[in-house]
Amino acid sequence: MHFLIGKFRDCSDYGGGSISMENFIIKRGRITSVLVLVLFQGLSIKAIEPEDIFAPSLGRVVIMPHAAISSSYDDNVFLSSDEFISDEFKKIDDFITTFSPGIALRYGENILDANYIDFDYSPSFLQYTENSQLNSDNHLLSFAINYQKDGKFTFNGSDRISLDNTLLRGRERSLFTTSELGRKKSRGLLVEKFSAQDQYRFEYVLSPKTSIYLASSLDILDFDEEPHYYYSNVFGDLTPYSLFDVSNWKNTIGFGWQAFSKVKLYGSFFSGITSVETNLKRMGLRPDSDFYGGHISANGDFSDKLSGNILLGYQDRSFDNLSNGFQGGSHGLPIFEVSLNYKYTEKGDFSLQYRRSGNVSIQNPEWATNADFIALNLHQKLGTTGKLRTFLISSFLIDAFQAEEKFKYQYLSLDGGVTYNFNEWMKTSFTYGFDFFEANTKGNIDYDVNRVMFSLSVGY
């Protein structure tokens, strides 16, 4: 299932090479800064409302332009391992400038209307000061819809489509080898990929306390049809390897009951299919698989300060038999999700998310994996105005291959910093980030990254 639309190129390829990526970023960054100053002067002198510029309306369509520019320092841009201390494979740092313009459209009565249709396009252009081979442009397209008719039904959905050209990270690179030849060939290799996440849900009210719902989701990960990295085989030859394209389509039907005034219980059944395609013919076919299961959940306000969702269920998966003699197996696992938000003060809130789920590996899709994901987020307003805020965003993922219990990896991401909101349409932030990846098998490249970033954004 190949959805890649052309190839991304450095901006120097545009217009016959007359504009370099560096000049492109710098020029747009300066334009953004000048526009901010002009807007400050214009809004203060002529008393123009911010909505006239950042949220003008054409009938029932609200147009919301936005832009952001950031400058960051990364101490390990090639995701190198501490195990290599040679000059050729040591960690390399760099300064990165990112410019992200965009535009959003909302169809509704007004900007805060509960029934709406949203559309947003946000490209981003990355410029590396020293390692220009990593310069890239990425594109994000999103769509959302929400419609509710009190006492009858609700319908909501979202689509998120990304076209990225980046280095493989985390579990995407868990089969990297520590072979110096392989690392030398793979280093700095940008990989193009298409990803999409689509979710839709329709709930129909049968009575004041009961309802039924239908939900459908599609998750696609499609890599470019080229070698993604190289490793040395038992004979010492350099062998190209690629990740597999994996898509999951899941459909759910459920029944809801308003057990308490602010808590609703759901019982659901789901089924779906996982499709797999290869990007290098030499790697052969891999089996698709079917999965099904059920779960019960509770959703709502558990107290004045605590709200969220808790889900418990079971999933079974069976792999297809292939004509080449591959015998498909099956496996089952309990699934569990919890998503809670606790507002401990008027100025602060804390959220917890934990998810245990099962999928297939993008490295070896005939293997099933168990994934444990946990995220902790903290937001706190400072001062009396609420314009200054601190935040902490962290996540931790552990993936274990069921076919090989000894093979698992863990990936930690941590971001913290401060944000200052000048007003509703402009803010700036200072962030420190840390990424850590580690696999428990010999031959994988473990890495850690420290990152410091300053950014300025304009728009609603």
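How many bridges join β7 to strand β8, and in which sense do the two strands run?

## Strands side by side

Let's start with that pair. In this predicted model, β7 and β8 (residues 210-223) run antiparallel and are joined by 13 bridges. To find one of these contacts, look for Ser195, whose bridge partner in β8 is Leu221. Between the two strands the chain passes through 4 residues, making a hairpin.

Strand β8 also has a partner in β11 (residues 245-257): here 12 bridges join the strands, again in an antiparallel arrangement. A good place to look is Leu218, which has Trp249 as its bridge partner in β11. As you follow these strands, keep a general pattern in mind: in a regular strand, side chains alternate between the two faces of the sheet.

## Strand β2 and its partners

Now move to strand β2. Strand β1 (residues 57-58) is joined to β2 by 2 bridges, and the two run antiparallel. Leu58 stands opposite Val61 in β2. The two strands form a hairpin with 2 residues between them, and Gly59 in the turn has a positive phi of about 70°.

β2 pairs with β3 as well, in the antiparallel sense, over 14 bridges. In this pairing Ser72 stands opposite Ile96 in β3. β2 also pairs with β21, antiparallel and over 8 bridges, and there you can spot Ala68 opposite Ser457.

## Rings that meet

Which kinds of side chain sit together here? The model has 10 aromatic pairs. One of them is formed by Tyr73 and Phe95: the ring centres are 5.2 Å apart and the planes meet at 50°, so the pair is tilted. Tyr73 belongs to strand β2 (residues 61-74) and Phe95 to strand β3 (residues 94-107), so this pair ties together parts that are 22 residues apart in sequence. Tyr73 is partly exposed, at 29% relative accessible area, and Phe95 is partly exposed too, at 48%.

Phe153 and Phe202 make another tilted pair, with 5.6 Å from centre to centre and 35° between the planes. This pair links distant parts of the chain, since Phe153 is in strand β6 (residues 153-166) and Phe202 in strand β7 (residues 191-205), 49 residues apart. Phe153 has a relative accessible area of 22%, which makes it partly exposed; Phe202, at 32%, is partly exposed as well. Ring pairs also bring in Tyr147, giving a cluster of Tyr147, Phe153 and Phe202.

## Charges over rings

Rings can have charged neighbours, too. Arg201 lies over the face of Tyr266, 5.2 Å from the ring centre. Likewise, the charged end of Lys250 sits over the ring of Phe270, at 4.5 Å from its centre.

## A nonpolar patch on the surface

Which residues form a nonpolar patch on the surface? They are Leu382, Leu388, Val418, Tyr420, Phe422, Phe430, Tyr432, Val452 and Phe454, and together they have about 730 Å² of accessible area.

The elements giving two or more residues to this patch are β19 (408-423), β20 (426-439) and β21 (447-458). β19 gives the most, with 3 residues. Phe430 makes a handy landmark to look for: its place is in strand β20, and at 43% relative accessibility it counts as partly exposed. You have already met β21, which pairs with β2.

Methods: Residues numbered from 1 in each chain as written. Predicted model: local features only at pLDDT ≥ 70, side-chain atom pairs only at ≥ 80, totals over all residues. Heavy atoms only, no water. Phe/Tyr/Trp six-rings, centres within 6.5 Å; stacked < 30°, edge-to-face > 60°. Buried < 20%, exposed > 50% of the residue type's maximum accessible area, 1.4 Å probe, protein only. Lys NZ or Arg CZ within 6 Å of the ring centre and 35° of its normal. Patch = residues over 30% accessible without salt bridge, like charges linked within 9 Å, V, L, I, M, F, W, Y side chains within 5 Å. Areas by Shrake-Rupley, 256 points an atom, 1.4 Å probe, with all protein chains shown as cover. Salt bridge = Lys/Arg side-chain N within 4 Å of Asp/Glu carboxyl O. Pairing = 2+ DSSP bridges.
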